[in-house]
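User: I would like a close look at one part of this protein, with its surroundings described step by step. Please keep the wording plain, since I am in my first year.

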Amino acid sequence: MRIVTIANQKGGAGKTTTVMNLASILSENSRVLVADVDPQKSSAWWADRAGNDLPFDVVDDTNPSNLSRLRELQYDVVLVDTPGSLEGRDVLATVLTESDFVILPTEPSPLAFAPLIATINEIVLPSKVTYRVMLNKIDPRVPVELTDAEALLDGAGLLRFKSAIRDYKIHKMAPVEGKVVTQYADGDSRIAAKAREDYRRVALELTSLWAHTGTRAGVGA
Ligand SMILES: Nc1ncnc2c1ncn2[C@@H]1O[C@H](COP(=O)(O)OP(=O)(O)OP(=O)(O)O)[C@@H](O)[C@H]1O
Ligand SMILES: [Mg+2]
């Protein structure tokens, strides 16, 4: 089992959107559980809207100490949604003691990078858990936005996924519609396909990285 935590103390960076959509992509090949430890319970709320249609399971339990018990369950991947605030710091630190990997979604704006770097330096690096920053909400019409953001992250010595997630309006509507990216309606099928492709690329990078790293429970577990 791999426990993957999605973190960024900056609110609204896209943690919940990443958790739910990556879960849907990974569930095409794996047994996936989403664990929501954010007191806002956004993933759990989204899952409620989706009802029985979700291709993965969701639990909400705001006590991060309970995560270790999830290792006994029959899932291949657990994605953990975490709070986006400085008050969530202790929760995040505790969650990381149980995590095998951390994904940090961020908006491409330079102003968003200060809180991102604080999360990495103060919480992620001390935990020694492997991490990757994931650029999110990239304007598909402004290619330079992506290259500028990549240069800034690389210049700061941060590790990132090569692929990024583009900004599409359908992502904003998805929670209220109770849909995840693998279920997006065919109404705008061209965009739905692009949106899926973004998460597929990130999932592929993630699983290739796993091919080279162990888990807390032992290599290959
Ligand atoms: N790639 C994207 N394209 C368009 N909208 C997006 C994208 N990613 C996230 N959003 C939107 O940005 C807002 C914040 O996203 P989300 O709730 O996933 O962030 P969060 O980090 O979980 O926030 P919080 O810190 O409050 O938990 C939401 O309205 C969401 O729909
Ligand atoms: Mg959230």
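Analyst: Asp 81 touches a set of residues that lie more than four places away in sequence: Ile 6, Lys 15, Thr 16, Val 19, Ala 35, Asp 36, Val 37, Asp 38 and Ser 43. The model is a predicted one. Asp 81 itself is found in strand 4, which covers residues 77-81. Asp 81 counts as buried because its relative accessibility is 0%, and the cut-off for buried is under 20%. One of the residues touched by Asp 81 is Thr 16, and the side chains of Asp 81 and Thr 16 are also joined by a polar contact of 2.7 Å. For a sense of distance, take Val 176, which is 95 residues from Asp 81 along the chain; the two C-alpha atoms are separated by 18 Å.

Thr 16 leads on to the largest pocket, which holds about 420 Å³ of space. This pocket is lined by 24 residues, and those closest to its centre are Gly 12, Gly 14, Thr 16, Thr 17 and Lys 137. Which elements give two or more residues to this lining? They are helix 1 (15-26), helix 2 (42-50) and helix 6 (169-177). By type, the lining of the largest pocket divides into 6 nonpolar, 11 polar and 7 charged residues.

Thr 16 appears again beside ligand 1. The ligand is surrounded by 18 residues, of which Lys 15, Thr 16, Thr 17, Asn 136 and Arg 166 are the closest. Several polar atoms can be placed around ligand 1. A polar backbone atom of Ala 13 is 3.1 Å from an oxygen atom of ligand 1. In the side chain of Lys 137, an N or O atom is 3.0 Å from an oxygen atom of the ligand. For Lys 172, the partner is a nitrogen atom of ligand 1, which is 3.4 Å from an N or O atom in the side chain.

Helix 1 also holds Thr 18. Is Thr 18 buried or exposed? Thr 18 counts as buried, because its relative accessibility is 0%. A polar atom of the Thr 18 side chain lies 2.6 Å from the backbone oxygen of Gly 14. Leaving aside neighbours within four places in sequence, Thr 18 is in contact with Ile 6, Ala 23, Pro 105, Met 134 and Tyr 199. Ile 6 is also among the residues that Asp 81 touches.

Helix 1 takes part in a further pocket as well. The second largest pocket has a volume of about 180 Å³, and the elements giving two or more residues to its lining are helix 1 and helix 7 (189-210). Helix 7 gives the most, with 5 residues. Among the lining residues are Ile 25, Leu 26, Arg 200, Ala 203 and Trp 210. Asp 76 and Val 77 belong to the lining too, and strand 4 covers residues 77-81. The lining of the second largest pocket divides into 6 nonpolar, 3 polar and 3 charged residues.

For contrast with Asp 81, consider Asp 186, in the loop between helix 6 and helix 7. Asp 186 has a relative accessible area of 60%, so it is exposed. The C-alpha atoms of Asp 186 and Pro 126 are 44 Å apart in space, and the two residues are 60 apart in sequence.

Technical notes:
Residues are numbered from 1 along each chain as its sequence is written. Chains are lettered from A and ligands numbered from 1 in the order in which they are written. This is a predicted model: local features need pLDDT of at least 70, side-chain atom pairs count only at pLDDT 80 or more; totals for chains, interfaces and linings use all residues. Side-chain values use heavy atoms; hydrogens and water are left out. Helices (H or I, at least four residues) and strands (E, at least two) are DSSP runs, numbered from the N terminus. Buried means under 20% relative accessible area, exposed over 50%, partly exposed in between (1.4 Å probe, protein chains only). Contact means heavy atoms within 4.5 Å. A polar contact is a pair of N or O atoms within 3.5 Å; within protein, one must be able to donate a hydrogen and the other to accept it, and residues adjacent in sequence count only if both atoms are side-chain atoms. On a 1 Å grid over the protein atoms alone, a cavity is a set of points where a 1.4 Å probe fits but cannot get out, and a pocket is an open set with protein on both sides within 12 Å along at least five of seven lines; lining residues have an atom within 4 Å of a point. Grid points are joined across faces, edges and corners, and a volume is the space filled by probe spheres set on the points. Ala, Val, Leu, Ile, Met, Phe, Trp, Tyr, Cys and Pro count as nonpolar, Asp, Glu, Lys and Arg as charged, and the others, Gly among them, as polar. A residue is near a molecule or strand if one of its heavy atoms lies within 4 Å of it.
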